[in-house]
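Colleague: Could you take me through the surroundings of the ligand, and explain how each feature is to be read as we go?

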Amino acid sequence: MLSKSKSVALLTAAAVSIITTSFLSLVEGVPLSGHLVVFILSFSSAYILTYFTVDVFIFGQIEKINERINKLRAEDFSFFEEDTQSIQGNPLLRINSEILTYAQTKQQEIDELKKAETFRREFIADISHELKTPIFAAQGFVHTLLDGAEKDKNVRHRFLKKAAKSLDALDRIVQDLLTISEVETGVAKMEMENFNINSLIMEVYGQFEGKPEVEDIDLRFTMDCPDSCFVFADRHRIFQVILNLVSNSIKYQKETNAVVEANLVEHEKDIEVIMKDNGIGIPEKHHKRIFERFYRIDKSRSKEKGGTGLGLSIVKHILEAHQSQISMKSKPNEGSEFRFKLPKGSPYNWSKE
Ligand code: ADP
C-alpha cells in the first residue's frame with residue numbers, strides 16, 4: 001500500500017508532467033525523445049517536491065499532533081520537555097504548539113487538584129485522629145462514672161478532673177484549628193498597626209510568670225534597636241507567634257540550665273526577631289516537616305505538655321499572612337533558633353500602643 005503522501009505526490013507529479021508535455025507538443029519540431037525527457041524531468045521533480053512538502057510539512061505535523069493527542073489521552077506528558085520549534089508562519093506548528101500550551105495548563109490544573117485532594121484527605125484523617133483521643137478519654141471517664149464509680153467520692157473527683165483535662169485538650173485543638181483556618185482562608189484580616197515589639201515580648205514572658213514550668217528557666221531578652229523596636233504588623237497575631245515559640249522553647253527544654261532568649265535585631269527596613277533556646281533540639285530529618293499541621297517528633301511529650309501539634313503551623317501561617325517567613329536552625333541536645341522579620345514601624349502611633 002502506498003502511503004498517503006506518496007499517492008498525493010504521484011497524482012500531482014502525473015498531472016504536472018502530462019500538462020507540461022502537452023504544452024510542449026504545441027511547439028513544432030520537438031522530437032519524441034525531447035517529450036520523453038521533459039515528461040521524466042517534470043514528473044520526477046514534481047514528485048520529489050510534492051512528496052517532501054506533503055510528507056514533512058503536512059502529514060509529518062499532523063502525525064505529531066495526533067501523537068500528542070494520543071499521549072494526552074494516556075496522560076503521558078513527557079512531550080512537554082521536547083524542543084518547541086519556531087512556529088512563525090506555520091499554522092500547523094502553531095496548532096501543535098497550542099496543544100502543548102493547553103496540555104501544560106491542564107496538567108498544572110490536574111496537579112493542583114490532586115494536591116488539594118491529597119491535602120484534604122490527609123487533613124480529615126489528621127483531624128479525626130487528633131479529636132478522637134481526647135473525646136474517647138473524656139467519654140471513658142464519664143461512662144465509668146455513670147456506671148457506678150460516681151458513688152466513690154475520691155474516684156468521682158479524680159475522673160471528673162481527667163475528663164475535664166481531656167475536654168480542655170479538645171478545646172485547644174479546636175481553637176488552634178480555627179486560628180489556622182481563619183488565617184489560611186483570609187477570613188481574619190490582619191489588623192496592621194505600629195507597635196513596640198519589645199514590650200510585646202515582655203508581655204509574652206509575663207504570661208509565664210509564677211508558672212511552675214518556668215521556675216528553673218532563665219528567660220532572657222536583648223535588643224539592638226537604639227530605643228525601642230517598632231514594627232508594622234498585627235499585634236494580636238504576632239503575640240500568638242511569639243507565645244507559641246516561647247512556649248515550645250519552655251516545653252522542649254532539657255532538665256538543667258535552661259535558657260530561653262529573645263533577641264531583636266534592627267535592619268534597614270525590618271526588625272528581625274530571633275527566638276533561641278538550649279533545649280532538646282530537633283534532629284535534621286524533621287526540619288522540613290516541622291511546620292506541618294499535627295507534625296510532632298515526640299507525640300507523648302507534646303501531648304503530656306499540652307501540645308496540639310499545630311503551634312508551628314499557626315506561626316508559619318500568621319507570618320505568611322504578613323508576607324514574612326520563618327526560618328529555623330536546630331541541633332539535637334544543643335537547642336533551636338527560630339527567626340523571622342517584620343517591617344519596621346513608626347513610633348508615632350502612640351494611640352495604638
Ligand atoms: P506541639 O503542640 O507538639 O508543640 P508545634 O507545632 O508547636 O506542636 O511543634 C511541632 C513539634 O516540633 C513539637 O512536637 C516538637 O517535637 C518540635 N519542636 C517545636 N519547637 C521546638 C523547640 N523549641 N525545641 C525542640 N523541639 C521543638
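**Reading the ligand shell**

Modeller: The residues of the shell around the ligand divide into nine nonpolar, nine polar and three charged, where Ala, Val, Leu, Ile, Met, Phe, Trp, Tyr, Cys and Pro count as nonpolar, Asp, Glu, Lys and Arg as charged, and the others, Gly among them, as polar. The model is predicted, with local features needing pLDDT of at least 70 and side-chain atom pairs pLDDT 80 or more, while totals for chains, interfaces and linings use all residues. Residues are numbered from 1 along each chain as its sequence is written, and side-chain values use heavy atoms, without hydrogens and water.

Colleague: How many residues surround the ligand, and which are the closest?

Modeller: A residue is near a molecule if one of its heavy atoms lies within 4 Å of it. Here 21 residues surround the ligand, the closest being Asn 248, Tyr 252, Ser 302, Thr 308 and Gly 309.

Colleague: Which element gives the most to the shell?

Modeller: Helices (H or I, at least four residues) and strands (E, at least two) are DSSP runs, numbered from the N terminus. Helix 6 gives the most, with three residues.

Colleague: What polar contact does the side chain of Tyr 252 offer the ligand?

Modeller: A polar contact to a ligand is a pair of N or O atoms within 3.5 Å. An N or O atom in the Tyr 252 side chain is 2.7 Å from a ligand oxygen atom, and one in the Asp 277 side chain is 2.9 Å from a ligand nitrogen atom.

How values were computed: A polar contact is a pair of N or O atoms within 3.5 Å; within protein, one must be able to donate a hydrogen and the other to accept it, and residues adjacent in sequence count only if both atoms are side-chain atoms.
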